[in-house]
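Student: I would like a close look at one buried part of this protein. Which residues are buried there, what covers them, and how does a neighbouring piece meet them?

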Amino acid sequence: MHAPPNGVSTPNRRDSMIHAMTRRLPFASTLILGICLVWPGAPGDRAFAETIESPDIPETTAKTVETASELPLSDLRTFAEVFGRIKEEYVEGVQDKFLLESAIRGMLSGLDPHSAYLDNEEFQDLQVGTRGEFGGLGIEVGMEDGFVKVIAPIDDTPAQRAGLQSGDTIVRIDQKPVKGLSLNDAVTLMRGEPGTSIELTIMRSGDEPPFDVTLERAVIQVASVRSRTLAPGFGYIRVSHFQSRTTEDVIAAVDTLKSASNGSLKGLVLDLRNNPGGVLNSAVGVSDAFLTGGLIVYTKGRQEDSKLQFQAGPDDILSGAPIVVLVNGGSASASEIVAGALQDHKRAIVMGNQTFGKGSVQTIVPIDDSTALKLTTARYFTPSGRSIQAQGITPDIELERGEFKPLAANGVSDLKESDLVRHLEDEAPESASEDAAEKGSLVAEDFQLAEALNVLKALNIFGQLGTP
């Protein structure tokens with residue numbers, strides 16, 4: 001576009017711009033994706049979804065929204081006038097495409113932290129999480145007060161090994177201030193060729209001064225599910241991220257744990273700490289695996305197709321064995337769906353710390369083959385109708401974060417029967433000492449996990465009371 005020499009946009013040009021902006025572009029499809037803050041997953045099917053009506057939930061919107069038929073023409077004329085002034089009078093020449101794209105980004109960034117315009121590169125990057133491999137540091141991040149905030153480090157990545165924690169604020173990247181950068185720009189700076197170094201300046205809550213951390217970029221291969229046996233009959237499953245195959249991986253992990261425990265489990269710890277979310281349908285699938293029916297989660301937005309509910313099937317892969325779900329401040333969105341569903345159905349005890357509180361659903365709306373909108377279109381609610389947005393899941397049992405340090409040995413141990421002269425020997429004393437050693441090791445390794453195991457053992461003992 002070229003303005004006339006006098007530097008003022010002509011009415012024809014401005015009116016044509018207004019006319020173009022008032023047209024509604026048809027979108028080919030709308031894909032419900034995962035609700036992770038930064039790396040949403042690939043679209044899943046809607047096998048569990050149904051349209052619902054929820055008259056008991058009040059309609060809430062952050063801003064008054066006008067429909068397309070009520071577009072404010074005077075404001076659009078102002079926009080066209082500003083556009084023309086920039087084109088004619090800005091100190092350097094600016095491409096029309098750049099100005100219009102910047103205007104779109106500005107519209108979306110003013111809505112909430114999770115809505116965004118995705119250009120071709122960003123659209124491709126959005127799908128990285130479900131492929132399970134990308135180059136970078138291995139952290140889930142969001143934007144808060146103009147700075148990049150760490151939501152959670154991903155397991156077995158440079159970020160976790162460097163000690164980055166949920167809640168850390170990144171204020172500089174390679175000495176470049178983050179303030180003023182968009183989240184996508186900051187993420188681009190943090191990514192790079194594997195083997196190259198990057199320095200982050202971190203602010204941590206408390207009185208600690210800012211400090212620098214040097215990390216080496218790596219190819220991030222995210223295995224979303226890991227498992228092991230904690231004690232005979234008691235299993236542990238760690239879900240670090242909800243990817244497209246997470247439900248299948250969890251079911252396979254339970255089968256493996258059962259095989260190692262003579263075909264059944266006495267209890268399971270499901271660890272969702274520092275799990276920033278991911279694919280919505282995977283969160284539904286994992287919840288469904290442990291429930292025998294009922295509502296898992298439902299979503300409510302302004303459009304009919306954003307009003308969905310997800311129901312559980314009749315099969316519980318643990319056959320009713322007790323579950324403890326571990327959460328913390330890095331547990332967000334999809335992990336909060338799982339914790340909330342199991343908590344509401346009294347199927348699990350939730351232990352740990354208050355979760356992050358991201359209770360919104362992002363929809364990817366393709367504009368053309370290479371660009372899209374990531375738009376917040378709904379809130380989700382737990383089966384009992386709780387909204388998690390900005391509140392999070394409150395654990396049934398609070399566990400403070402910390403480390404267990406055994407008392408230093410002073411060379412003098414408590415007197416026991418076995419220390420007495422001519423004490424009677426037990427026929428099999430080894431097993432008790434081995435169990436105690438294993439317990440002591442787990443407490444030192446992960447205090448919260450050890451407490452979760454203790455609760456599972458107590459539930460198992462309680463369930464056996466009165467049983468002949």
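Tutor: Take helix 10, where the buried residues are Ala-334, Ser-335, Glu-336, Ile-337, Val-338, Ala-339, Gly-340, Ala-341, Leu-342 and Gln-343. Buried means under 20% relative accessible area, exposed over 50% and partly exposed in between, with a 1.4 Å probe and protein chains only. The model is predicted: local features need pLDDT of at least 70 and side-chain atom pairs pLDDT 80 or more, while totals for chains, interfaces and linings use all residues. Residues are numbered from 1 along each chain as its sequence is written, and side-chain values use heavy atoms, without hydrogens or water.

Helix 10 runs over residues 334-344, and 10 of its 11 residues are buried, so the rest of the structure largely encloses it. Helices are DSSP runs of H or I with at least four residues, strands are runs of E with at least two, and both are numbered from the N terminus. Charged Glu-336 is on the buried list, as are Ser-335 and Gln-343. After the helix comes Lys-346, which has a positive phi, near 55°.

The cover over the buried residues of helix 10 includes both strands and a helix. Among the strands are strand 14 (267-271), strand 15 (295-301) and strand 17 (323-327). Strand 18 (349-352) and strand 20 (372-381) also take part, and the helix is helix 9.

Helix 9 can be followed through one residue, Ser-287, which sits within its span of residues 280-289. Ser-287 is buried, its relative accessible area being 0%. Leaving out residues up to four places away in sequence, Ser-287 touches Ile-337, Val-338, Ala-341 and Leu-342, and also Ile-296 (contact means heavy atoms within 4.5 Å). Ile-337, Val-338, Ala-341 and Leu-342 are buried residues of helix 10, and Ile-296 falls within strand 15 (295-301), another part of the cover. A polar atom of the Ser-287 side chain lies 2.9 Å from the backbone oxygen of Ala-283.

For the wider setting, the protein has 12 helices and 21 strands. Of its 468 residues, 44% are buried. Among contacts with a separation of 6 or more, 71% join residues 24 or more positions apart. The touch between Ser-287 and Leu-342 is one case of residues from separate parts of the sequence coming together.

Methods:
A polar contact is a pair of N or O atoms within 3.5 Å; within protein, one must be able to donate a hydrogen and the other to accept it, and residues adjacent in sequence count only if both atoms are side-chain atoms.
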